[in-house]
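Here is a friendly walk through one protein model, taking its helix packing and then its empty spaces in turn. Keep the viewer open as you read.

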Amino acid sequence: IAALLAKVRYQRDQRLGDNVTPKQMAETRDALAKAVNLNPDNLQLLSFYAEYISSTDPVQALAIRQSLQNNSPTLRNAILLGRLATKLAVEQENAELREALFDVADRAFQQAQKYDPNDKAMLFEYAKYYRARGQEEKAVQLLQKAQDRKLLCEHYLQTGQFDKAQKILLQLY
């Protein structure tokens with residue numbers, strides 16, 4: 001019942017879009033927290049909760065993501081952990097903490113790569129991680145090794161290397 005209430009409130013918030021009030025968002029978050037507390041073995045609900053709070057409470061979301069990856073290691077959990085840790089590292093001003101977060105992300109992506117070295121979502125996020133670290137050449141190597149020209153083109157577009165992206169697009173065309 002608690003999970004259903006949380007789902008209904010979340011759907012309400014989605015329907016309202018930009019018109020959702022802070023009070024309604026707090027109701028949804030509280031409903032989700034209660035549902036997670038009452039259903040601690042529901043890993044899908046826990047993952048959804050982590051995603052929901054990632055913008056308002058990123059440290060708790062990261063702890064949940066790490067717990068999920070440790071207790072239920074999957075490709076998806078590893079990708080989500082790596083993505084969140086990378087995002088937090090980029091936003092972090094403390095150099096020591098930034099490096100620790102980048103290390104968490106790197107380990108998560110290494111695990112994800114072991115599950116499926118050709119998974120497009122993993123490759124995209126891992127390349128994004130390398131770009132965030134300023135390691136452009138490693139991002140390109142990763143995507144070239146995977147032989148996914150579309151992902152490599154997307155990488156070039158995101159980094160503003162339009163001539164290289166155009167060359168790939170013309171080859172694909």
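## Helix pairs and hollows

The crossing of α6 and α7 is left-handed. Helix α6 covers residues 95–115, and its axis comes within 10 Å of the axis of α7, with a crossing angle of roughly 150°. That angle makes α6 roughly antiparallel to α7, since angles over 145 degrees count as roughly antiparallel. On the α6 side, the contact is made by Phe102, Ala105, Asp106, Phe109, Gln110, Ala112 and Gln113, and on the α7 side by Met122, Glu125, Tyr126, Tyr129 and Ala132. Sorted by class, the residues of this contact between α6 and α7 are eight nonpolar, two polar and two charged.

Now for the whole picture. This is a predicted model, and the protein in it has ten helices and zero strands. Read from the N terminus on, the elements run α-α-α-α-α-α-α-α-α-α. If you are setting up a box, the C-alpha atoms fill one of roughly 55 × 35 × 30 Å along the principal axes.

Two packed helices are described by the angle between their axes and the distance between the axes. The table puts three pairs into those terms.

| Helix pair | Axes come within | Crossing angle |
|---|---|---|
| α1 and α2 | 8 Å | roughly 155° |
| α6 and α7 | 10 Å | roughly 150° |
| α9 and α10 | 8 Å | roughly 155° |

Let us start at the N-terminal pair. Helix α1 spans residues 2–16 and helix α2 spans residues 22–38. Given their crossing angle of roughly 155°, α1 and α2 are therefore roughly antiparallel to each other. The crossing in which α1 passes α2 is left-handed. From α1, the residues that meet α2 are Ala2, Ala3, Ala6, Arg9, Tyr10, Arg12, Asp13 and Leu16; their partners in α2 are Gln24, Met25, Glu27, Thr28, Ala31, Leu32, Ala35 and Leu38. The residues of this contact of α1 with α2 comprise ten nonpolar, two polar and four charged.

Further along the chain, α9 pairs with helix α10, which holds residues 162–172. With axes crossing at roughly 155°, α9 and α10 are therefore roughly antiparallel to each other. Here α9 passes α10 in a left-handed crossing. Arg149, Lys150, Leu152, Cys153, Tyr156 and Leu157 in α9 meet Phe162, Lys164, Ala165, Ile168, Leu169, Gln171 and Leu172 in α10. Nine nonpolar, one polar and three charged residues form this contact of α9 with α10.

Next come the empty spaces. Rolling a probe the size of a water molecule over the atoms shows where empty space is left.

What is the volume of the largest pocket? The answer is about 190 Å³. Lining the largest pocket are Ala3, Leu4, Ala6, Lys7, Tyr10, Gln11, Leu32, Asn42, Gln44, Leu45 and Phe48. Two elements, α1 and α3 (43–53), give two or more residues to the lining of the largest pocket. Of the elements, α1 gives the most to this lining, with six residues. By class, the lining of the largest pocket contains seven nonpolar, three polar and one charged residues. Some names return from the first helix pair: Ala3, Ala6, Tyr10 and Leu32 line the largest pocket, and these residues also belong to the contact of α1 with α2.

How many cavities of 30 Å³ or more does a search of the whole structure find? The search finds one. The largest cavity encloses about 30 Å³ of space. Its lining is made by Phe124, Ala127, Arg131, Leu143, Leu151, Glu154, His155 and Gln158. Both α7 (120–132) and α9 (149–158) supply at least two residues of the lining of the largest cavity. Which element gives the most to that lining? It is α9, with four residues. In the lining of the largest cavity, four residues are nonpolar, two are polar and two are charged.

To link the two themes, α9 contributes to the lining of the largest cavity and also makes a contact with α10. In turn, α7 supplies lining residues to the largest cavity and makes a contact with α6.

How values were computed
Residues numbered from 1 in each chain as written. Predicted model: local features only at pLDDT ≥ 70, side-chain atom pairs only at ≥ 80, totals over all residues. Heavy atoms only, no water. Axes fitted to C-alpha atoms, helices over the stretch in contact; angles between N-to-C directions. Parallel < 35°, antiparallel > 145°, perpendicular 65-115°, else oblique. Left-handed = near helix turned anticlockwise from the far one by under 90°. Contact = heavy atoms within 4.5 Å. Nonpolar A, V, L, I, M, F, W, Y, C, P; charged D, E, K, R; others polar. 1 Å grid on protein atoms, 1.4 Å probe; cavity = no way out; pocket = protein on both sides within 12 Å on 5 of 7 lines; lining within 4 Å. Points joined across faces, edges and corners; volume = space filled by probe spheres on them.
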